[in-house]
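This report describes the fold, the nonpolar cores and a few individual residues of one protein chain. The sequence and structure come before the account.

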Amino acid sequence: MGEQADKIGKKLEGFGEKLFSGFGWNELARDQEIACARKTTHKKQTHGLDLLMNFNNPYLGCKQGIVIECKNRQMKSITQAELDKWLTELINAIECSQSAPELIGVKTDDMNMNTGLLLVHANDCFNKELFGKYLSNLKVPSRRNSINIFVAGNEDINRWNSLLDKIEKECSNEFQFIYPSIEGSNMEMGKYITINQLYSKYIFAQDVTMIKKCESGIEYPVPQMKKIMISFDEITTDCFKYMWSMFKTFQFQDAKEMVFMFYPRKKDDVEFVKENFIKTLYQINPPINSEIEKRIKIDFIDNRSLSPVDGGGR
């Protein structure tokens, strides 16, 4: 059983690396063992880091390091006690990784090392409600220096996989995520996505589409920029209004093509968007006009828990 569990763990680590490298993260170390620098409080001799990665964070102005711990279990083995233990172990590992001599040459001077991601995958039948209850009751140990921990279950993992599949299959090599100007920061673009964006309800991006033009009987391709807003929020008319107001706030409505991309969670979501999105934008103040409507495109990210029809698949 131990050998089989080890194989499953390796597979999940590889999955994590593949997923996050697809989002522009850099793998720095895998299966790395470091000495525990706080043996008395941590009660360990060493810590094992499943994955150590980093990515550019334009809002921090530096590389953000992230320790990823991967757990692949049957749902019955994912308990409150286990999650509490995994959380504490991850925080302890991050504390020791900040000054670990084993990571000299791996970390850079401009790399922030106070973030962790606990990937918890139920390999049989995921219980969303029970997992959510565990998360709300997590016992987070206090620390003198703050450490940011993100926890992802099956739903998060599936959503991220679906987003990555959409980008890889349908977007061009020019695809980039957009980091709008916030509190005086400059707007930035890049092929990377931060951990905060992965958990965000809304993500901005842009892509280039080649359209055909004809002059004197000769067809030629012309690049056309399109702005994209991805929504993982609950699909409602209020969501539609907010998305349009955000689009205008960052002045993306001047794009030749405006793509509003949704992630359906219920079987009626796709039809609801198709029937009500444009209609809602005509009812706001000021309303859109027919010229703007022509530049709007509605798209969907497949939700694997729904049927292809319900999820907007073609």
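A nonpolar core is a set of buried Ala, Val, Leu, Ile, Met, Phe, Trp, Tyr and Cys residues joined through side-chain atoms within 4.5 Å. Buried here means under 20% relative accessible area. The model examined is a predicted one.

In this model, the largest nonpolar core holds 36 residues. Those that touch the most other members are F20, F23, W25, I68, L117, L119 and F177. Helix α5, residues 154-170, gives the most to this core, contributing five residues. Apart from that core lies another of 28 residues, including W86, A100, L103 and M111. In soluble globular proteins, nonpolar side chains tend to be buried together.

F23 can be followed further. Leaving aside neighbours within four places in sequence, F23 is in contact with W160, L163, L164 and I167, among others. The remaining partners of F23 are F177, K191, Y192, I193 and L198.

As for the chain as a whole, nine helices and twelve strands are present in the protein chain. The C-alpha trace spans about 75 × 40 × 40 Å along its principal axes. Of contacts between residues at least 6 apart in sequence, 68% join residues at least 24 apart. The surface and charge values are as follows.

| Property of the protein chain | Value |
|---|---|
| Residues counted as buried | 46% of 314 residues |
| Exposed area | about 16,600 Å² |
| Share of exposed area from carbon and sulfur atoms | 49% |
| Positive side chains | 42 side chains |
| Negative side chains | 43 side chains |
| Distance between the centres of the two charge sets | 2 Å |

Which residues does E95 touch, not counting residues up to four places away in sequence? They are R38, H42, R143 and I147. E95 itself is found in helix α3, which covers residues 80-97. With a relative accessible area of 8%, E95 counts as buried because this value is under 20%.

The cysteines complete the account. A disulfide requires a pair of cysteine sulfur atoms within 2.5 Å, and by this rule the count comes to zero disulfides. C171 is in no disulfide, and the nearest cysteine sulfur, that of C239, is 19 Å away. C62 has a relative accessible area of 15%, so C62 is buried.

Methods:
Residues numbered from 1 in each chain as written. Predicted model: local features only at pLDDT ≥ 70, side-chain atom pairs only at ≥ 80, totals over all residues. Heavy atoms only, no water. Buried < 20%, exposed > 50% of the residue type's maximum accessible area, 1.4 Å probe, protein only. Helix = DSSP H or I, 4+ residues; strand = E, 2+ residues; numbered from the N terminus. Contact = heavy atoms within 4.5 Å. Areas by Shrake-Rupley, 256 points an atom, 1.4 Å probe, with all protein chains shown as cover. Lys, Arg positive; Asp, Glu negative; His and termini not counted. Charge placed at Lys NZ, Arg CZ, Asp CG, Glu CD.
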